[in-house]
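Subject: Structure handover

Hi,

Here is the structure I promised to pass on to you. Please open it next to this email, and the notes below should be easy to follow.

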Amino acid sequence: MVIKDIDKQNKLTAGLDWVQFQIDMKIKNIINDVLGLKPELFIEKTGNLRYYDYEKYWVYGEIKLYFSETSDTPCMVQFSGSGWSFYKDNYLNLWEVTEFGYIKFLDSSFGKLIDPKRLDMRLDDFNDKPYYTPKTLLNYCQKRRILYGRSTAYKPFGDDYTGRTLYLGADDSTKKTRIYDKLVEQAKKLGIRPKDLAEDMAVKSWIRTETEFRQDDVKAIWLEIIKTEQNELDFYKGYLKGKIKFLDKQGKFYSPEFWRHLMSKTKAWSYKISKKHTPIVDKLNWFIEKGALSILKMYQFLYDNEITTAPLDQYPIDWLIEEARYSKALATEIIKYLAELNDLSEDKKMDLVEQVQRQTKDTNSLFD
């Protein structure tokens with residue numbers, strides 16, 4: 001690699017941008033043992049989290065701990081992008097703990113108590129002339145010469161004035177990647193001109209590539225982080241190199257010059273997701289295989305033949321199903337299952353979630 005390329009690589013940084021996980025511990029233990037902070041730093045507020053039955057959360061520096069006083073749902077620890085940056089800058093750096101080091105600490109200390117829910121990785125390019133921009137990759141997308149995994153789907157937003165953003169992959173992907181002008185985005189948040197922010201930061205350009213992992217993908221990437229010996233930059237570059245492929249005009253794989261320079265000495269890698277039964281599928285299997293369906297058939301047989309089953313009152317099965325209500329625990333599982341389906345629109349999910357909520361037990365229910 002020539003000196004120029006080394007200088008450009010030195011202006012790349014990578015790490016985490018959003019970290020979210022459930023953990024089955026008490027709030028104060030989470031603050032003390034998991035976060036290494038003091039409870040008095042946090043303020044309790046009322047608020048919920050979409051698809052979960054939380055009613056309150058504790059917050060400090062955009063670090064939020066969601067919890068429920070009415071159910072046994074494990075607490076949710078949520079570091080938003082700004083929350084993670086705050087925690088990293090003010091605590092992890094002070095403790096000389098890397099971002100991956102913290103994830104490994106969580107695994108070694110709390111292991112099976114933790115259920116990862118979301119993790120974002122970022123690559124920031126601060127070069128005056130970045131390796132690529134959203135517009136660079138958009139040109140390849142428009143010619144169907146870029147693959148994100150097996151997908152050619154993409155969505156562009158914005159323009160040169162407002163700042164461009166390019167999304168790679170399908171809308172319902174559980175590993176979404178976007179490339180955008182971070183300098184323009186941050187300037188908008190601060191209410192200043194991008195030019196002024198650039199002067200304050202002593203940079204001319206700031207392009208960010210970011211991947212959001214959810215559902216099975218976040219569990220897989222979490223395990224890869226725990227196993228890896230690489231630093232954050234080499235790790236994420238390796239993921240991108242394995243995930244993003246370019247095609248020449250004849251449809252054959254090749255690497256554009258900017259990609260070759262960026263990925264020099266980077267080893268591509270990928271992960272596989274092993275399919276497993278969800279709690280909902282387990283319950284349905286129990287219903288079908290463990291005798292409950294046969295009992296339902298027996299009930300229908302006795303009802304159809306007007307054979308009494310005193311002291312039970314007999315009603316049509318359709319009426320029983322209509323009047324039945326989900327327990328709060330089962331409703332939580334159904335809502336979680338709906339949230340993780342990839343082939344439903346957000347509007348459809350919310351409609352189904354509302355139906356489940358209306359059919360959930362309350363203190364006035366005949367079936368409580």
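Below is what turned up in it, going from the cores to a sheet, two loop residues and the salt bridges.

Please keep in mind that this is a predicted model.

**Nonpolar cores**

The largest nonpolar core has 66 residues. Phe 21, Val 34, Leu 35, Phe 79 and Tyr 87 are the members that touch the most others in it. Strand 1, residues 12-23, gives this core its largest share, six residues. If you want one residue to start from, try Phe 21: leaving aside residues up to four places away in sequence, its contacts include Val 34, Phe 79, Leu 106, Ile 114 and Trp 222. Asp 115 and Lys 117 are also among the residues that Phe 21 touches. There is a second, separate core of nine residues, with Tyr 51, Ala 331, Ile 335 and Val 353 among them.

**A three-stranded sheet**

Next, have a look at the open sheet made of three strands in the order 7-12-13, with antiparallel pairing. Strand 7 (146-148) and strand 13 (253-254) are the edges; each has a single partner strand, so one side of each has no neighbour in the sheet. Strand 12 (residues 244-247) is joined to strand 7 by three bridges, and one pair to display is Leu 147 with its bridge partner Lys 245 in strand 12. Helix 5, residues 134-142, packs on the sheet and touches strand 7, strand 12 and strand 13. The direction of helix 5 makes about 100° with that of strand 7. Helix 9 (residues 232-243) lies across strand 7 and strand 12, at about 40° to strand 12.

**Two loop residues**

Pro 74 sits in the loop between strand 4 (63-67) and strand 5 (75-79). Its relative accessibility is 25%, so Pro 74 counts as partly exposed. Not counting residues up to four places away in sequence, Pro 74 touches Gln 22, Ile 23, Asp 24 and Tyr 54.

Met 25 belongs to the loop between strand 1 and helix 2 (27-34). Buried or exposed, then, for Met 25? Met 25 counts as buried, because its relative accessibility is 17% and the cut-off for buried is under 20%. Its contacts, again without residues up to four places away in sequence, are Ile 30, Asp 33, Val 34, Cys 75, Phe 110 and Leu 113. For a check on your distance script, the C-alpha atoms of Met 25 and Thr 162 are 44 Å apart, with their positions 137 residues apart in sequence.

**Salt bridges**

How many salt bridges does the structure hold? There are 21 salt bridges. In one of them, the side chains of Lys 88 and Asp 89 meet at 3.2 Å, N to O. Lys 88 is buried, at 17% relative accessible area, whereas Asp 89 is partly exposed at 42%. Arg 122 and Asp 124 form another, at 3.0 Å, N to O, and both of these residues are buried.

Lys 175 and Asp 217 also form a salt bridge, with their closest N and O atoms 3.6 Å apart. This pair links distant parts of the chain, 42 residues apart: Lys 175 is in strand 10 (residues 175-181) and Asp 217 in helix 8 (residues 215-227). At 3% relative accessibility, Asp 217 counts as buried. Finally, salt bridges with shared partners connect Asp 17, Glu 99, Arg 122, Asp 124, Arg 178, Arg 208 and Glu 210 in one network.

Best wishes

Note on methods:
Residues are numbered from 1 along each chain as its sequence is written. This is a predicted model: local features need pLDDT of at least 70, side-chain atom pairs count only at pLDDT 80 or more; totals for chains, interfaces and linings use all residues. Side-chain values use heavy atoms; hydrogens and water are left out. A nonpolar core is a set of buried Ala, Val, Leu, Ile, Met, Phe, Trp, Tyr and Cys residues joined through side-chain atoms within 4.5 Å. Buried means under 20% relative accessible area, exposed over 50%, partly exposed in between (1.4 Å probe, protein chains only). Helices (H or I, at least four residues) and strands (E, at least two) are DSSP runs, numbered from the N terminus. Contact means heavy atoms within 4.5 Å. Two strands pair if DSSP finds at least two bridges between them. Axes are lines fitted to C-alpha atoms, for helices over the stretch in contact, and angles run from 0 to 180 degrees between N-to-C directions. A salt bridge is a side-chain nitrogen of Lys or Arg within 4 Å of a carboxyl oxygen of Asp or Glu.
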